[in-house]
Amino acid sequence: MLRSIKHKKYLKQANYLALRPVVRHSHVVEDGGNICVIVPKFRNKWLVKFLVPPRKSPHFRIRLDELGSAVWLCIDGKKNVGEICNILHENLGEKIHPVEERVTNFLSQLYKQGFITFAELIELDGEFRQNTQ
């Protein structure tokens, strides 16, 4: 809980365009070129064993549209949000106008749902662990 408070405080003060998003789940590319994010239903393997019915997938499949897929493919943990916006503006042009507003809203939703995190928060967690030991 203390960690989430630190995260919220850090994100409130941070310049969103300077943050570097990092994916937390794997993905597959579907036939149309769109991305399908594979999200586990449970983190604990025992819960999967006992709660997921036989012949059912232990994962949710979240399908992204063309714009969401383009953003997802740009996320690598090295590019910041501003750089991702520039790449998408070059590739998609007016299709994604206003680019910064749309991308930041989309990334905020991905973060709230737990699909991505930010490299700066991972680094902050590393500092947090070092200080508590």
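Helices of at least four residues and strands of at least two are DSSP runs, numbered from the N terminus.

**Figure 1. Overall fold of the predicted model.** The protein chain holds six helices and five strands. From start to end of the sequence, these elements follow the order α-β-β-β-α-β-α-α-α-β-α. The C-alpha trace extends over about 50 × 45 × 20 Å along its principal axes. The chain has 133 residues, and 33% of them count as buried.

**Figure 2. The largest pocket and its lining.** This pocket encloses about 420 Å³ of space. Elements that contribute two or more residues to its lining are α1 (2-13), α5 (99-112), β5 (116-118) and α6 (119-132). Helix α1 supplies the largest share, five residues. In total, 14 residues line the pocket, and those nearest its centre are Ser-4, His-7, Leu-11, Tyr-111 and Leu-121. Sorted by class, the lining consists of five nonpolar, four polar and five charged residues.

**Figure 3. The second largest pocket.** The volume of this pocket is about 160 Å³. Its lining is made up of Arg-24, His-25, Val-39, Pro-40, Lys-41, Phe-42, Arg-43, Gln-113, Gly-114 and Phe-115. Four of these lining residues are nonpolar, three are polar and three are charged. Gly-114 is in the lining and belongs to the polar class, because Gly is counted there.

**Figure 4. A nonpolar surface patch that includes Trp-46.** Trp-46, Leu-47, Phe-50 and Leu-51 together form a nonpolar patch of about 460 Å² on the surface. Trp-46 sits in helix α2, which covers residues 45-51. Is Trp-46 buried, partly exposed or exposed? Its relative accessible area is 48%, and the partly exposed class runs between the limits of 20% and 50%, so Trp-46 is partly exposed.

**Figure 5. His-89 in helix α4.** Helix α4 spans residues 81-92 and contains His-89. The relative accessibility of His-89 is 40%, so this residue counts as partly exposed. How far apart in space are His-89 and Ser-108, C-alpha to C-alpha? The distance between these two residues is 19 Å, and they are 19 residues apart in the sequence.

Methods:
Residues are numbered from 1 along each chain as its sequence is written. This is a predicted model: local features need pLDDT of at least 70, side-chain atom pairs count only at pLDDT 80 or more; totals for chains, interfaces and linings use all residues. Side-chain values use heavy atoms; hydrogens and water are left out. Patches are made of residues with over 30% relative accessible area and no salt bridge: like charges are joined within 9 Å, nonpolar side chains (Val, Leu, Ile, Met, Phe, Trp, Tyr) within 5 Å. Accessible areas come from the Shrake-Rupley method with a 1.4 Å probe; for residues, only the protein chains shown count as cover. A salt bridge is a side-chain nitrogen of Lys or Arg within 4 Å of a carboxyl oxygen of Asp or Glu. Buried means under 20% relative accessible area, exposed over 50%, partly exposed in between (1.4 Å probe, protein chains only). On a 1 Å grid over the protein atoms alone, a cavity is a set of points where a 1.4 Å probe fits but cannot get out, and a pocket is an open set with protein on both sides within 12 Å along at least five of seven lines; lining residues have an atom within 4 Å of a point. Grid points are joined across faces, edges and corners, and a volume is the space filled by probe spheres set on the points.
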